[in-house]
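Trainee: I'd like to practise reading a model feature by feature. Could we go through one together?

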Amino acid sequence: MFKKILIANRGEIALRVIRACRELGVQTVAVYSEADRESLHVRFADDDVCIGPAPARDSYLKIPRIIAAAEIAGADAIHPGYGFLAENAEFAETCAASNIAFIGPTAEQIRVMGDKASARNAMAAVGVPIIPGTPGPVEDAEEALEFAREIGFPVIIKAAAGGGGKGMRVAAEPEDFTRSFQLARSEALSAFGSGDVYVEKYLERPRHIEFQILGDRYGNVIHLGERDCSVQRRHQKLIEEAPSVAVTPELREAMGEASVRGAQAIDYVGAGTIEMLLNADGNFYFMEMNTRIQVEHPVTEVLTGVDLVKEQIRVASGEELSVTEMPALRGHVIECRVNAEDPARNFQPSPGKIDVFHPPGGPGVRLDTHVYTGYTVPPYYDSLLAKVICQGRDRPEALRRMQVALESFIIEGVTTTIPFLARVMADPHFQAGDVDTRFLEREVYLLKEPA
Ligand code: MV4
């Protein structure tokens, strides 16, 4: 086992990793920017190193500073958390070259999954269903239109280098096609420096279903079931739950088996997520693989009882996975992300000082947060304040616990998404499990406090 782990992150995930390290008896090193001097991750770590000014590009994204901090503090491993350098192949490579274990997959595995076309091809090669589409980038609008007619409208044009919905355009019919194609191409060019686009069949109201994967160096790969992350806004997940109301035991078996096969195809090591789109007709398709621990990982931890962060650390140190198959599921789990944002103002960030912080609690309630009374939310990073995770014997109990938790969660001083999340929990469509990736576009009434 490692002796000392540097956590190359901040906020709630840095605290989450420190907890796992303490349970394993491993020493910890926090790194922090000048804006995070007063943060809890700095206080809770055994050692800490300031790595630069507030902007992430000058601190949390500076590879040489993080490596230097690890060397100075004598860390033998680095946990990247999520975001920042978590899916940066060059960082994983630099760690290896510096004799520091990167707690995650290999640089090569990060690279294959980071490129959309290569990820798609790797999955297709082992029979994981992919959305019908062009095998690679298309040359020009005429060739693309011809292909679109073959697979049938509507189609979606996506940037090959894309992500986060940038450079993505839907064409409902042949008449729209050329215009959408040009728009996607120029958006791709300005956002990613490459105008390469490909064409796929457009799924009208898919659910976003993702499978949690764990792999070790001995060829063991398992899945721990799905998370339904359909409630999103502009590709930001807001609510996640498991099991999905749309996934039957047979479908879980098929999707889980496909996910494991996909991960095995690249000898995947560590925690990873296979993101899929699930159509109303029960067909599922690979979308992308995330090669990191995810924000919503607690949903799976609570549902299965497996500590995903400890497993990540164990397998990175050369141990075998401590779980060999999916444990019995413990009812139902829902997670709400509480952000310092104003839903009435387009989810504009609302940084500032937290004057009152009173957390929810009780049976089946877990809170992952780095916030405390008197903490100042800096304007430089993402606006996640806390994750409320509620478990129940069934979905109605988990949902009711979430409603009570949100009602009793008091944050004063900054505007938060708590009232918005409470309205979603009370929405009849959400309660019926009738959601898809366009749910919030339709239910715009949820954005504002009723008069
Ligand atoms: C799609 C799709 C429908 N059909 N592809 C959004 C992010 C990017 N990684 C892929 N995305 C989508 N691709 C086809 N062929 C719908 C989306 C999509 C979406 C996917 C998951 C979660 C939320 C979403 C919101 C809008 C669109």
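Mentor: Sure, and keep in mind that this is a predicted model. Let's begin with a cysteine: Cys-390 is buried, with a relative accessible area of 0%.

Trainee: How far away is the nearest cysteine sulfur to Cys-390?

Mentor: The general idea is that a disulfide needs two cysteine sulfur atoms within 2.5 Å. Here, the nearest one to Cys-390 belongs to Cys-336, 7.5 Å away, and Cys-390 is in no disulfide. Seen from the other side, the sulfur of Cys-336 has Cys-390 as its closest cysteine partner, but 7.5 Å is too far for a bond. Cys-336 is buried as well, with a relative accessible area of 0%.

Trainee: And how many disulfides does the structure hold?

Mentor: Zero.

Trainee: Okay, on to sheets. In what order do the strands of the open sheet run?

Mentor: General idea up front: strands of a sheet pair through backbone hydrogen bonds, either parallel or antiparallel. In this case, five strands form an open sheet in the order S3-S2-S1-S4-S5, and the pairing is parallel. Strands S3 (47-52) and S5 (101-102) stand at the edges with a single partner strand each, so one side of each has no neighbour in the sheet.

Trainee: Can we zoom in on one pair? How many bridges link S1 and S4?

Mentor: Three bridges, in the parallel sense, join strand S1 (residues 4-7) to strand S4 (residues 77-79). If you want one to find on screen, take Ile-5: its bridge partner in S4 is Ala-77.

Trainee: Now the ligand. Which residues are closest to it?

Mentor: A good habit is to list the shell, then look at the individual contacts. The shell here has 15 residues, and the closest are Lys-158, Glu-200, Lys-201, Leu-203 and Glu-288. By type, the shell divides into seven nonpolar, four polar and four charged residues. Strands S6 (155-163), S8 (197-201) and S13 (284-290) each supply at least two of the shell residues.

Trainee: What about polar contacts? Which part of Leu-203 faces a ligand nitrogen, backbone or side chain?

Mentor: The backbone: a polar backbone atom of Leu-203 is 2.9 Å from a nitrogen atom of the ligand. With Glu-200, a polar side-chain atom lies 2.9 Å from a ligand nitrogen. For Lys-158, an N or O atom in the side chain is 3.0 Å from a nitrogen atom of the ligand.

Trainee: And how much of the ligand's accessible area does the protein cover?

Mentor: On its own the ligand has 530 Å² of accessible area, and the protein covers 91% of that.

How values were computed:
Residues numbered from 1 in each chain as written. Predicted model: local features only at pLDDT ≥ 70, side-chain atom pairs only at ≥ 80, totals over all residues. Heavy atoms only, no water. Pairing = 2+ DSSP bridges. Helix = DSSP H or I, 4+ residues; strand = E, 2+ residues; numbered from the N terminus. Buried < 20%, exposed > 50% of the residue type's maximum accessible area, 1.4 Å probe, protein only. Near = heavy atom within 4 Å. Polar contact = N/O pair within 3.5 Å; in protein donor to acceptor, adjacent residues only side chain to side chain. Areas by Shrake-Rupley, 256 points an atom, 1.4 Å probe, with all protein chains shown as cover. Nonpolar A, V, L, I, M, F, W, Y, C, P; charged D, E, K, R; others polar.
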